[in-house]
Amino acid sequence: MLEHFYVRIAEHRLVLGTESDFVKAFICQKYGASLIESEILPEADIAVSIFDGYGGPFVDYNVNVTTADEVIVYKRADYLIEADKEYREARIHVYDDFALKHAMVNLYSAYITRKEWGLLIHSSCLLEHGKAYMFAGHSGAGKSTVVRLSQPRPILSDEATIVKIAGDETVIYNSPFRSDTDLPDIAGTYPLTAIQILRQSLDIRRLRMGGMEGLQQIFQRVFYWAHDPEETKKVFRMCSKLTGHVPVYELFFQKNDKFWEEIS
């Protein structure tokens, strides 16, 4: 019998149902999920049923996306997601907790893209004097290193940054999709002040990127969406708005915290 849990991510209400012990432990630890004891479930933006026992161990990050009979399917060796086109209901089948972590990132990213609400960007993000600073880059560029060097500044994300893009407003929410840090209690939103594309270097300097160059850097770091033309247009529009609102810089940095003198 499924047990149901309530989770709030940014502005979105999720009800997660599962009978798996490791899934229950994961969502409570990672997302702060709370058990719903009533038989009447609260309203949700997304209702998700999660099952274990699917597939095999992780092979690679490639996800096959298909659509059939109004159902969007995301399939990887270690997870399977089936969602209706509006993402009101979804079923996730996973092999282990690693697969569940990635499946939830996939689902949430596709959901906020579908709604054209915002983007989930592969990056870390930190608070400095009430303003949010994002750090992105290729794998190994130093996103986690920046987080470690920036302590004790509050950490809004260490892997997947939640960005809301509405009108002229671009704000960051505390992200539960984390790699190395625990979810802190940081309520509210914070204006995104600058985006840094990381380059490890012997010196410290920051160079403003051109509009198209910055847009390309952000576009290639958006997490999953259904790769059909309409959804891709939405991602491109939101990346264009984001880089129109917020400056993108190339940040050359050493492995110390002196780069904050350059950016804040």
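Thirteen nonpolar, six polar and three charged residues make up the lining of the largest pocket, and that pocket is where our tour starts. Keep in mind as you click along that this is a predicted model.

**Stop 1: the largest pocket**

Select Tyr61, His122, Val222, Phe223 and Tyr224 and centre the view on them: of the 22 residues that line the largest pocket, these lie nearest its centre. The space inside comes to about 560 Å³. Now colour helix α2, residues 97-114; with four residues, α2 gives the most to this lining. Leave α2 coloured, as we will come back to it.

**Stop 2: the second largest pocket**

Next, pick Arg8, Ile9, Ala10, Asn174 and Ile186. They lie nearest the centre of the second largest pocket, which has 15 lining residues and holds about 290 Å³ of space. Which strand gives the most to this lining? Show strand β1, residues 3-9, and you have it: β1 supplies three residues. By class, the lining here splits into ten nonpolar, three polar and two charged residues.

**Stop 3: a closed space**

Rolling a probe the size of a water molecule over the atoms shows where empty space is left. In this model, that search turns up one cavity of 30 Å³ or more, with about 50 Å³ of space in it. To see its walls, select Phe26, Lys30, Tyr31, Lys101, Val105, Glu159, Pro176, Phe177 and Arg178. Two elements, α1 (21-31) and α2, each give two or more residues to this lining, and α1 has the largest share, with three. What is the class make-up of the cavity lining? Five of its residues are nonpolar, none are polar and four are charged.

**Stop 4: α1 against α2**

Stay with these two helices and show their axes if your viewer can draw them. α1 and α2 pack at about 55°, their axes 11 Å apart, and they are therefore oblique to each other. The crossing of α1 past α2 is right-handed. For the side of α1, select Phe22, Val23, Phe26 and Tyr31; they meet Asp97, Leu100, Lys101 and Met104 in α2. This contact counts six nonpolar, no polar and two charged residues. Phe26 and Tyr31 of α1 and Lys101 of α2 take part in this contact, and these residues also belong to the cavity lining.

**Stop 5: α2 against α5**

Follow α2 to its other partner on this tour, α5. Their axes come within 9 Å and cross at roughly 80°, so α2 and α5 are roughly perpendicular to each other. Select Ile112, Thr113 and Arg114 in α2, then Glu231, Lys234, Val235 and Met238 in α5, which they meet. Here the classes are three nonpolar, one polar and three charged.

**Stop 6: α4 against α5**

Finish with helix α4 (residues 211-219) beside helix α5 (residues 229-245): the angle between them is about 130° and their axes lie 9 Å apart. That angle makes α4 oblique to α5, and their crossing is right-handed. From α4, choose Gly214, Leu215, Ile218 and Phe219; on the α5 side they meet Thr232, Val235, Phe236, Cys239, Ser240, Leu242 and Thr243. Seven nonpolar, four polar and no charged residues form this contact. Before you close the viewer, highlight Val235: this α5 residue is among those that meet α4, and it is also among those that meet α2.

Terms used:
Residues are numbered from 1 along each chain as its sequence is written. This is a predicted model: local features need pLDDT of at least 70, side-chain atom pairs count only at pLDDT 80 or more; totals for chains, interfaces and linings use all residues. Side-chain values use heavy atoms; hydrogens and water are left out. On a 1 Å grid over the protein atoms alone, a cavity is a set of points where a 1.4 Å probe fits but cannot get out, and a pocket is an open set with protein on both sides within 12 Å along at least five of seven lines; lining residues have an atom within 4 Å of a point. Grid points are joined across faces, edges and corners, and a volume is the space filled by probe spheres set on the points. Ala, Val, Leu, Ile, Met, Phe, Trp, Tyr, Cys and Pro count as nonpolar, Asp, Glu, Lys and Arg as charged, and the others, Gly among them, as polar. Axes are lines fitted to C-alpha atoms, for helices over the stretch in contact, and angles run from 0 to 180 degrees between N-to-C directions. Angles under 35 degrees count as roughly parallel, over 145 as roughly antiparallel, 65 to 115 as roughly perpendicular and the rest as oblique. A crossing is left-handed if the near helix is turned anticlockwise from the far one by less than a right angle, and right-handed if clockwise. Contact means heavy atoms within 4.5 Å.
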